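Trainee: I would like to go through this model with you, one question at a time. Please give the reasoning before each answer.

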Amino acid sequence: MLGALRRKVASGGSSASVLGKSLLANRPGVSASRVSSDAGKEMLLLQLRGIVHVRNFSRLVLPGCSTGLTKTRDVISSIQLEAIMQKSCRPFSSGDGDLVDAVVPFMGESITDGTLATFLKKPGDRVAADEPIAQIETDKVTIDVVSPHDGVIQEYVAKEGDTVEPGTKIAVISKSAEGVPPAAPSEKKSGKAASKPSPPAETVREGKPKAKVEASSSAEKPKAPSPPPPKRTATEPILPPKERERRVPMTRLRKRVATRLKDSQNTFALLTTFNEVDMTNLMKLRSDYKDAFVEKHGVKLGFMSGFVKAAVSALQHQPIVNAVIDGDDIIYRDYIDISIAVGTPKGLVVPVVRDADKMNFAEIEKTINSLAKKANDGTISIDEMAGGSFTISNGGVYGSLLSTPIINPPQSAILGMHSIVSRPMVVGGNVVPRPMMYIALTYDHRLIDGREAVFFLRRIKDVVEDPRRLLLDV
C-alpha cells in the first residue's frame with residue numbers, strides 16, 4: 001500500500017485523497033468524520049514540524065477504520081490553531097539569551113577569595129566588553145571584574161565588602177539597550193516599606209493600660225537617692241568623645257602585610273647592622289651620563305640601578321645572604337631575583353626584578369620603572385610579585401634618615417636605603433662636605449652571622465663609592 005501511495009503522490013494526487021481512499025479500502029468500522037478530524041489534525045501538526053514525506057503518514061492508519069477522509073480544508077476550521085501553536089512552538093522569553101553574568105575571575109594559585117572593594121559602574125550604565133565594572137581586593141593585588149559582553153548593567157547581586165571567590169556572580173549584564181534606572185532599587189524599598197502592615201489596634205490598646213499600671217506602681221514606691229557622680233582623680237585621663245573618632249575596616253592587603261611582618265618578627269632572629277656610603281662618585285657618574293643614557297635607552301638613570309648592581313655583587317660574594325632556612329636544611333639559590341619595595345596608596349607591594357645578575361643598568365631601570373607604574377596603577381599581577389631572594393627598600397625617597405627594615409618572608413635579609421644628606425666628612429686629612437647615605441641590613445641571625453652581614457654591607461659600600469669595581473670585578 002505504501003508503494004501505491006508514493007506513486008499517487010508522485011503523479012500529483014492529493015495526499016489527503018490518496019490517504020482517504022486507502023483507509024476506506026482497508027479499515028472498516030470507524031466513521032468518516034472521526035477519521036477526517038484525527039487525520040486532519042495530525043497532518044497539520046506534521047506540516048508545522050516540517051515533516052512532508054508521505055510514508056510518515058502510515059501511523060495515521062488506526063485499527064478498525066473503515067471510512068475515508070474528507071478534504072483537509074474541510075477539517076482545518078475545526079482545529080484550534082492557537083492551542084496547536086502553543087504545543088508545537090517553544091514559548092518566547094524576553095530574557096532568554098539576553099542576560100549574561102559578570103563573575104569573579106581567577107585570582108592566582110595562592111589566592112582563594114577576595115573582598116569586593118568598590119563598584120566602578122552603576123546599574124543602568126552602559127558598558128563595553130572587557131570594561132572593568134568592579135574591583136576585588138586580595139591579599140596581594142587588586143583585581144578587576146570585567147563585563148563579559150557589550151550591554152547595560154541590569155543589577156548587582158553582591159554588595160561592597162562581601163567576601164567572594166572565583167566564579168562568584170557579581171552583576172547581571174543585559175545585551176539589549178534597556179537597562180534598569182538607578183532609582184529602581186529605592187522605589188522597590190519604598191514600596192516594600194509602604195506595604196508593611198501597621199501593628200494591630202488591639203496591641204496598642206493593650207500597651208497603654210500596662211504603661212499606666214507601671215507608672216502608678218512606680219509612683220507609689222519611694223525614690224531611692226541617686227548616688228553622687230564619681231569624682232575624677234587628678235591622674236585620670238580625659239578621653240575625647242567617640243564622635244571625634246572614625247572606625248574604618250582594614251583592607252585585605254593591609255591585613256596581609258600586618259600578618260606577614262608579625263610572622264617575620266615571631267620566626268626570624270632579626271638583627272640589623274649599619275654602614276654609611278659616600279654618594280659622590282655615583283652622583284657624578286649619573287650627572288655625567290644622564291643625558292646620553294636617556295637618549296639611548298629612553299629611561300632616566302637613577303640610583304636604584306646602582307644599588308641593585310651593588311647588591312648583586314654582594315650576594316655573589318656572600319651567597320649565604322641569598323639562602324634560606326627550610327626546616328633542618330639550608331637552601332642555596334643559584335639565581336638572584338631582587339624584590340623592590342614600592343609604596344602605593346593602597347599599601348606596600350614588592351615586585352620582583354628577575355635574574356638581576358644578568359641585567360645591565362638600562363635593563364634594570366626599565367624593569368623597575370615598568371613594575372612601579374603597574375604597582376601604582378593597581379595593574380600588577382601576582383606572578384610579578386611572587387618569589388624574590390633578596391629585598392631592597394628605599395625609604396630615602398620619603399626622607400627617612402635611618403631605619404631598621406623587617407625581612408620579607410621567606411627571604412633571609414633586606415637592605416634599607418635612606419636619604420642623602422650632606423655631612424662634614426674627613427677626606428685626605430681635610431674636613432669637607434660629602435653627600436652621605438646610611439644603609440642598613442636586617443638579617444636572620446639563625447642563618448647569617450655578623451661577619452657575613454658586615455662583609456655584605458662593606459661590599460655594597462665599596463661598589464657604590466667606586467662603580468669601576470663592577471667593570472674590573474674587584
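Trainee: Is aspartate 288 buried, partly exposed or exposed?
Mentor: This is a predicted model, in which local features need pLDDT of at least 70 and side-chain atom pairs count only at pLDDT 80 or more, while totals for chains, interfaces and linings use all residues. Residues are numbered from 1 along each chain as its sequence is written, and side-chain values use heavy atoms, with hydrogens and water left out. Buried means under 20% relative accessible area, exposed over 50%, and partly exposed in between (1.4 Å probe, protein chains only). Aspartate 288 has a relative accessible area of 47%, so the class is partly exposed.

Trainee: Which side chain meets aspartate 288 in a salt bridge?
Mentor: A salt bridge here is a side-chain nitrogen of Lys or Arg within 4 Å of a carboxyl oxygen of Asp or Glu. The partner lies in helix α9 (residues 280-297) with aspartate 288, 4 residues apart, about one turn of the helix. Helices (H or I, at least four residues) and strands (E, at least two) are DSSP runs, numbered from the N terminus. At 3.0 Å, N to O, the partner is lysine 284.

Trainee: How many salt bridges are found in the whole structure?
Mentor: Side chains of opposite charge can pair when their charged atoms come close. The search of the whole structure gives 13.
Mentor: One of them joins aspartate 377 to lysine 373, with the closest N and O atoms 3.2 Å apart. Both residues lie in helix α11 (residues 361-377), 4 residues apart. Aspartate 377 is partly exposed at 48%, and lysine 373 is exposed at 55%.

Trainee: Which residue forms a salt bridge with glutamate 384?
Mentor: Glutamate 384 is in the loop between α11 and β16, and its partner is in helix α11, 10 residues apart along the chain. That partner is partly exposed, with a relative accessible area of 29%. The closest N and O atoms are 2.7 Å apart, and the partner is lysine 374.

Trainee: Which strands stand at the edges of the open sheet?
Mentor: The sheet has 6 strands in the order β9-β18-β17-β16-β12-β15, with mixed pairing. Two strands pair if DSSP finds at least two bridges between them. A strand with a single partner has one side without a neighbour in the sheet, so the edges are β9 (270-278) and β15 (352-353).

Trainee: Which residue in β17 stands opposite asparagine 394?
Mentor: β16 and β17 run parallel and are joined by 4 bridges. Opposite asparagine 394 stands methionine 417.

Trainee: Which residues is lysine 461 in contact with, leaving aside its neighbours within four places in sequence?
Mentor: Lysine 461 is in helix α12 (residues 450-465) and counts as buried at 13% relative accessibility. Its C-alpha atom is separated by 7.8 Å from that of asparagine 275, 186 residues apart along the chain. With contact taken as heavy atoms within 4.5 Å, the residues are Asn275, Glu276 and Val277.

Trainee: Where does pLDDT stay under 50?
Mentor: pLDDT is the predictor's confidence in each residue, from 0 to 100; the protein averages 76, and 66% of the residues score at least 70. Where pLDDT is low, the predicted coordinates should not be read in detail. One such stretch, with 57 contacts beyond four places in sequence, is residues 8-37. Another, with 2 contacts beyond near neighbours in sequence, is residues 181-219.
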